[in-house]
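User: Please take me through how the strands pair and how the nonpolar residues group in this protein.

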Amino acid sequence: SIYEMFGNECCLSTGDVIKIIGFKINKLIASICENNEVSQSSAKVELPLDFPGLYKVVADQTPYISIEEITRKVSIGPTRFGHPCFYSPEDIKLANLTVKHGEQITFNSVEEVNGTMAVNCGVVRNNQSHSFTLPLSQEGKFYECEDDQIYTLKEIAEWKIPKCRNRIVKLSNTLHMWDSSNPLPENFDGCLILTPVYEVQAVMKFRKDIVHILSDLDVEVKDVTDCYDISSFLQPLSLEDVFERTSKEFPMVAEIMEGPSGSQKPYNLLHTGKEIIIYKKYQATRVLASEIRSDSPKRHFLIPMSYKGKFKRRPREFPTAYDLEIARSEKEQLHVVATKAFDSPHKELFTVSVGDQFLVQQCQTSEVLYEGRKKVIDVLACEQILSDTYKKVLLPMYMEGGFVEVIHDKKQYQLSEICKEFRLPFNVKVSVRDLSVEEDVLAAVPGLQFEEEITDSYLLISNTSSPVESWEIPVYRLNMLVHLLSRDVQTVVPPATKTTVEEISEEQYYMVRRYENQTLHPPPRPPKKPT
């Protein structure tokens, strides 16, 4: 049988032995959903996994009848996606704990406990986590819990579509302008039923790449697992697989079986068949930055702390007086100009006109007369700058106005200095480009907002043939498969490390912010008007 996939022709001959290493969703067939059913008026459309947009997963109404069925059909693993949540309509009585009906159970991992396969689970009560195991033999009805996270289609395909089931999703954010090439209706914001189309991933004895076989290929096969030495096949590893290896196993030599796409260095060097040295795994800090522009789409970047360019400050904009309070610092006084008028409902507080200038002082409370009654509210104490003097004024913290910062600081800053001396978000522009790289992508951007510092996972690699420099590659944003070679590493100490500014897509930007903010408490809301 001869077939073609991704432009490569592959021949499967009678007697060929194939090792199946996995299967994954190749594409999705989407139908518009109404009342949890396929709309009769909608046509089915094919969506590639990189189709833009962010989606919420709708909880499956069909229960699972045992823990074993869940482990067979639902992805449970060590990554942040691999912790699905279920609830039981009945109490589950265990030796040391009773799981109450309707209580959210998080499935963390599957492992052998005292000779029996079980799932490590957890419930949270009064902010305290309680761990327990459920054997695969545990029966009952288990329903999916509602999921308030957002996902890309690729993430849903990899982690959120159970085997032998469809998945309903709701569009959360399109992240792109609608055009005639979009298979979905204009301004569509409803639900879709996604039906997966699978491909089988395999390795063959005399090929060093991954063979992709469509699941509907008409070919007969026989299971010979029990009578064949499968150790003679290559073992493909993803970057996540490599990262999960112990630190003692590094450095290691690997050959790329499937390289990433992209013209940016070093991705353009990582092609199939290339041998690389993987020196170590580690966590590294990046500054997440976005282009300052009023229209969309904005460009987004992850900037390493080793970036050698310099920055000058740019004015920040503040929509409320509450934002001024958050932004003020002890290091310097915040000077702003009002860009929007505000008519105060209280004679004790200041009425703002466009063009008024203020020096922000501190937050305090003030007594105001409201509907004949005295009330204490939060206010922002400022000094209004007049032509020859200063006037103390009070602005209500709930004031929705508009302010723009006046910059007096002309100094040029390194990235590390900004992170140390100022509170993010912080607006800048590149004043001196990074001369250590051929092209500094940040230099062409008229303005940047540094949003937050993040920590991400990286592997340090170099070329085996000419290891003159090493590169950091992100573990979770690079699709690449390698197999390890049983060769000693000649150069244990890595050469000089080249870190690059990584431009990320809109979807990746939302994912980075989502994971970074999961452990943070949401910021307090601005005070409301007194009632």
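The questions and answers below deal with strand pairing and then with the nonpolar cores.

User: What kind of model is this, and how are its residues numbered?
Analyst: Residues are numbered from 1 along each chain as its sequence is written, and side-chain values use heavy atoms, with hydrogens and water left out. Local features need pLDDT of at least 70, side-chain atom pairs count only at pLDDT 80 or more, and totals for chains, interfaces and linings use all residues, since the model is a predicted one.

User: Over how many bridges do E25 and E26 pair, and in which sense?
Analyst: Helices (H or I, at least four residues) and strands (E, at least two) are DSSP runs, numbered from the N terminus, and two strands pair if DSSP finds at least two bridges between them. Leu-369 has Lys-374 of E26 as its bridge partner. Strand E25 covers residues 357-370 and strand E26 residues 373-385; their pairing is antiparallel, over twelve bridges.

User: Which residue takes a positive phi in the hairpin of E25 and E26?
Analyst: This hairpin has two residues between the strands. The positive phi, near 50°, belongs to Glu-371.

User: How many residues lie between E26 and E27 in their hairpin?
Analyst: E26 also pairs with strand E27 (residues 390-396), in the antiparallel sense and over seven bridges. Within E27, Leu-394 is the bridge partner of Ala-381. The number of residues between the two strands of this hairpin is four.

User: Which strands are the edges of the open six-stranded sheet?
Analyst: The order of this antiparallel sheet is E7-E14-E8-E11-E12-E13. Inside that order, strand E8 (residues 85-87) and strand E14 (residues 139-144) are joined by two bridges, and Tyr-87 stands opposite Tyr-143 in E14. The strands that pair on one side only are E7 (64-66) and E13 (128-135).

User: Which element gives the most residues to the largest nonpolar core?
Analyst: A nonpolar core is a set of buried Ala, Val, Leu, Ile, Met, Phe, Trp, Tyr and Cys residues joined through side-chain atoms within 4.5 Å, where buried means under 20% relative accessible area (1.4 Å probe, protein chains only). The largest has 27 residues, and Leu-324, Val-352, Phe-358 and Phe-403 have the most contacts inside it. Helix H4 (321-327), strand E24 (335-338), E25, E26 and E27 each supply at least two of its residues. The element that gives the most, with five residues, is E26.

User: How many residues does the second, separate core have?
Analyst: Phe-51, Val-57, Trp-159 and Leu-184 are among the members of this core. Its residue count is 23.

How values were computed:
Buried means under 20% relative accessible area, exposed over 50%, partly exposed in between (1.4 Å probe, protein chains only).
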